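User: Could you take a close look at one place where two helices pack against each other, and walk me slowly through what is found there and around it?

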Amino acid sequence: MPYANPQLKHLSNEWPAHSAAPNTHQRVLDLVTRYLPGLAGTRIADLPCGAGAFSQRLGALGADVLPVDIAAVEPFLADAAKRVLADANHALPFGDAYFGALVTIEGIEHLENPSLFLRECARVVKPGSFIFLTTPNVDSYRSRRSVLFNGYHRYFRPFSDNDKDSGHLHPIDMVFMRGATQKAGLEIVEVTVNRGEKKNWMYEMLRRRLTRKLPLYMRGEVPFYGEVIIYVLRKASSL
């Protein structure tokens, strides 16, 4: 998992530093190849790129990948000559409609202003282009249970009075994403999770009971199951 500040990276026992949660890269890659069948030659940003693992996989498929992060992680698995160092807490250093697609894996929760980041992502991709975004699934049963018993969302454990697990800042829930993406001129075209979880009658009974007061789009298996939630966003063609 990439960190907002490499000086504050606390190694979680969930997965290694600068690596996404299990199966997240594969699920995102499946979505990218499904929505972008002509991926070869497409200029695509990987932001934040961390150690370049996902950039490497995109490059192997022929994409013109631009890895972007706040710090130069070493060793770097992709083409370091293409890497751009930039702070996504501010305006991105790219022109309007510069990319044909953008991937942001577990980055938005590290940023001071998630709404600004979504607007910047929308600005730098071409009209009609796709953005693939992942973030810890704070609407899941496991995360809500963590709030009940621990007082904080899963993967947002405080290490001090000003520092959370893995440099995370903001839990990004589905209601926020719906509002912020709409304001940024983005449409949510698909929502999924990194991997399925074992279901049984008890969990299904809990899902129906615990989600009955939520908006209709939040009452299904997504987002109740899954540790990482994945959004496929599309920029309006008219923008």
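Analyst: A crossing of two helices is called right-handed if the near helix is turned clockwise from the far one by less than a right angle, and left-handed if it is turned anticlockwise. In this predicted model, α3 passes α5 in a right-handed crossing. Two packed helices are described by the angle between their axes and the distance between the axes. Here the axes of helix α3, residues 114-124, and helix α5, residues 174-183, come within 9 Å and cross at roughly 45 degrees, which means that α3 is oblique to α5.

On the side of α3 the contact is made by P114, S115 and L118, and on the side of α5 by F176, M177, A180 and T181. Sorted by character, the residues of this contact comprise 5 nonpolar and 2 polar ones, with no charged residue among them.

Two of these contact residues, L118 and M177, also have a place in the largest nonpolar core, where, of its 30 residues, they touch the most other members. Two or more residues come to this core from each of β2 (64-69), β4 (99-105), α3, β5 (125-136), α5 and β9 (228-235), and α3 gives the most, with 5 residues. If residues up to four places away in sequence are not counted, M177 touches I108, L118, L133, I172, I188, Y231 and L233. Apart from this core lies another one, of 21 residues, and A20, A21, V28 and V232 are among them. As background, nonpolar side chains tend to be buried together in soluble globular proteins.

Notes. Residues are numbered from 1 along each chain as its sequence is written. This is a predicted model: local features need pLDDT of at least 70, side-chain atom pairs count only at pLDDT 80 or more; totals for chains, interfaces and linings use all residues. Side-chain values use heavy atoms; hydrogens and water are left out. Axes are lines fitted to C-alpha atoms, for helices over the stretch in contact, and angles run from 0 to 180 degrees between N-to-C directions. Helices (H or I, at least four residues) and strands (E, at least two) are DSSP runs, numbered from the N terminus. Angles under 35 degrees count as roughly parallel, over 145 as roughly antiparallel, 65 to 115 as roughly perpendicular and the rest as oblique. Contact means heavy atoms within 4.5 Å. Ala, Val, Leu, Ile, Met, Phe, Trp, Tyr, Cys and Pro count as nonpolar, Asp, Glu, Lys and Arg as charged, and the others, Gly among them, as polar. A nonpolar core is a set of buried Ala, Val, Leu, Ile, Met, Phe, Trp, Tyr and Cys residues joined through side-chain atoms within 4.5 Å. Buried means under 20% relative accessible area, exposed over 50%, partly exposed in between (1.4 Å probe, protein chains only).
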